[in-house]
Amino acid sequence: MLGLARHLSERRLFECYLAERGGEGVAPPLAEHLADCRRCNDAYAQFVTFMDDAWVTADAETSEVFTSDHLHLQQAEIARRLEVLGHGGRVLSFPFGPDARSSPNPGRPAGQPAPVVSGVTSRWVVSAAAAGLFIGVAAGVIYDQRARPAATVDHGATMPTPVESTVPSRSDHVETSLPASAGVDPGNDDTVFMSELEAALNRPRTSELRALDAFTPHTREITYRIR
Amino acid sequence: MSDHKLRPADESQRAASLVALAPRRQPSGGRPSEDTRIAVEIRDLVATGDMAVARERFSEIVVLHQRRALRIAYQYLRNAADADEAVQDALLKAFGHIGSYRDAWPFEVWFTRILINGCLDRRKARARRERRFAPADDAGAADEARPTFSSAPPLDPEARLLARERQTRLASAIDRLGGRQRTVFMLCHYGDCTPREVSAMTGLNESTVRVHLFRAARKLRGLLGGKP
């Protein structure tokens, strides 16, 4: 009882335990006091027992849950996961993305370079296509507008006799067929239809085709022969 | 169950069970520990690209730290499957980031920090799950998971029952500690770390660690029937 006259506090006892457990050893004055004071020695022994028992209980529980077999299994599993740790998943590039030129394409033979289409070229192609479409639509509209007034005027003035118009245009045919469905009397309609037929037969190309038609057997004749 | 003590603090019993002691550290004499030496070697091997040898060397670290890591993780998570995954993930993470390991601190400290952070994340995730869904059974998932991993022969039924009861009481008492107290107690007591090492792991002041540890021990003794 040289250094310490009073009993050791719980805090001091705890520090002794920490020092002992950490391998540092209890400070000499405290160790001397513990050796001499029975009360402090008992308190320290109780404290150490409590702490050690807590450790032993936890360790026994862990040993019960994780047996040596499980430890071996876990080691094998860790080794397996370490093997695949560096191997990341293969990233598939989007085929038409900007990186498609540099990334390997599974469908392309080895060594064959990817088709290089620069951004400037593709923009020119798109612009040309759009311009062509626009010009085509505009030309169609202009042509239609030129053709339509003539047909309307012809039809609006007097009913043209189809015989007079030797080569009726396609727009004429459309314009002449429309009034018939609009309620012109049937007799006049038949006359118009027959005259149109006649005009069609008298066309130069039709007359050329009629010679060819003469060589071709007709269905009606074939049926008659069979009977 | 009036006696809440883990075991009667009888000196004669203690003398009889000297084997059942928490491990005491031996003075290292300033030399780096074996795991630290191996970890430095692995770091150099990884830097030179010799991964096969690095993996082989790392298996030695796994053997050295596996049991201690499982003890910490299991006491923290109280679930065998979670603890198993947490230890595996921590070891893999340690290997994956071995390049950033600096041997100013022992490998044990660095690895335990990774492990504890993983355990904390898992506890948070579990708490979120339990808020959304029905909480797990009060008996604890640990008891459910025991038959999965344990193939040990059955002990004396009475002793087994008493041991189980002690474990449950201790676990529930530790669970009632505050967050920092619990972490410090786990690391110091179950992780066999010194307060200085725990200070390095947690970023707390060493004296703060000592205070938390002392309060945790005092509270545990109070909860388990010892002196308050």
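Biologist: Why is B:Arg78 called buried?
Modeller: In this predicted model, B:Arg78 has 23 other C-beta atoms within 10 Å. A residue counts as buried at 20 or more, so B:Arg78 is buried.

Biologist: Where in chain B does B:Arg78 lie?
Modeller: B:Arg78 sits in the loop between H3 and H4 of chain B.

Biologist: What makes the backbone of B:Arg78 worth a remark?
Modeller: B:Arg78 is not a glycine, yet its phi is positive, at about 55°. Most residues other than glycine have a negative phi.

Biologist: Which loop holds B:Asp192, and what is the sign of its phi?
Modeller: B:Asp192 is in the loop between helix H8 (179–190) and H9 of chain B. Its phi is positive, about 55°, although B:Asp192 is not a glycine.

Biologist: How do you know whether B:Asp192 is buried or exposed?
Modeller: By its C-beta neighbours inside 10 Å, of which B:Asp192 has 20. The buried class takes in 20 or more, and therefore B:Asp192 counts as buried.

Biologist: Why is A:Ala19 called partly exposed?
Modeller: A:Ala19 has 16 C-beta neighbours inside 10 Å. Buried needs 20 or more and exposed needs 12 or fewer, so A:Ala19 falls in between and counts as partly exposed. A:Ala19 belongs to helix H1 (residues 10–21) of chain A.

Biologist: Which residues does A:Ala19 touch, leaving out those up to four places away in sequence?
Modeller: A:Glu24, A:Gly25, A:Val26 and A:Ala27.

Biologist: What makes H3(B) and H4(B) oblique?
Modeller: The axes of helix H3 (residues 51–77) of chain B and H4(B) cross at roughly 140° and come within 9 Å. Roughly antiparallel would need an angle over 145 degrees, and roughly perpendicular runs from 65 to 115. The angle fits neither class, so H3(B) is oblique to H4(B). The crossing of H3(B) and H4(B) is right-handed.

Biologist: Which residues bring H3(B) and H4(B) together?
Modeller: From H3(B) come B:Phe58, B:Val62, B:Gln66, B:Ala69, B:Leu70, B:Ala73, B:Tyr74 and B:Leu77. They meet B:Ala80, B:Asp82, B:Ala83, B:Ala86, B:Val87, B:Ala90, B:Leu91 and B:Phe95 of H4(B). By class, the contact of H3(B) with H4(B) has 14 nonpolar residues, 1 polar and 1 charged.

Biologist: How do H5(B) and H9(B) pack, and at what angle?
Modeller: Helix H5 (residues 107–132) of chain B packs against helix H9 (residues 195–202) of chain B at about 55°, the axes being 9 Å apart.

Biologist: Why does that angle make H5(B) oblique to H9(B)?
Modeller: Roughly parallel stops at angles under 35 degrees, and roughly perpendicular covers 65 to 115. The angle of about 55° belongs to neither, so H5(B) is oblique to H9(B). H5(B) and H9(B) cross in a right-handed sense.

Biologist: What residues make the contact of H5(B) with H9(B), and how do they divide by class?
Modeller: H5(B) contributes B:Val109, B:Thr112, B:Arg113 and B:Ile116, and H9(B) contributes B:Glu197, B:Ala200 and B:Met201. These are 4 nonpolar, 1 polar and 2 charged residues.

Biologist: What is the secondary structure of chain B, and what is that of chain A?
Modeller: Chain B has 10 helices and 0 strands. Chain A has 9 helices and 0 strands.

Biologist: What share of each chain counts as buried?
Modeller: In chain B, 36% of the 228 residues. In chain A, 13% of the 227 residues.

Biologist: Of the contacts between residues at least 6 apart in sequence, how many join residues at least 24 apart?
Modeller: For chain B the share is 66%, and for chain A it is 52%.

Biologist: How do you know where in chain B the predictor is confident?
Modeller: From the pLDDT, which averages 78 in chain B, with 75% of the residues scoring at least 70. Among the elements of chain B, helix H4 (residues 80–96) has the highest mean, 93, and helix H1 (residues 11–16) the lowest, 42. Residues 1–19 of chain B stay under 50, and the model has 24 contacts beyond four places in sequence for them. Residues 138–145 of chain B are also below 50, with 10 contacts beyond near neighbours in sequence.

Biologist: What are the ipTM and pTM of the model?
Modeller: The ipTM is 0.73 and the pTM is 0.57.

Key: Residues numbered from 1 in each chain as written. Chains lettered and ligands numbered in written order. Predicted model: local features only at pLDDT ≥ 70, side-chain atom pairs only at ≥ 80, totals over all residues. Helix = DSSP H or I, 4+ residues; strand = E, 2+ residues; numbered from the N terminus. Contact = placed C-beta atoms within 7 Å. pLDDT = per-residue confidence, 0-100. Axes fitted to C-alpha atoms, helices over the stretch in contact; angles between N-to-C directions. Left-handed = near helix turned anticlockwise from the far one by under 90°. Nonpolar A, V, L, I, M, F, W, Y, C, P; charged D, E, K, R; others polar.
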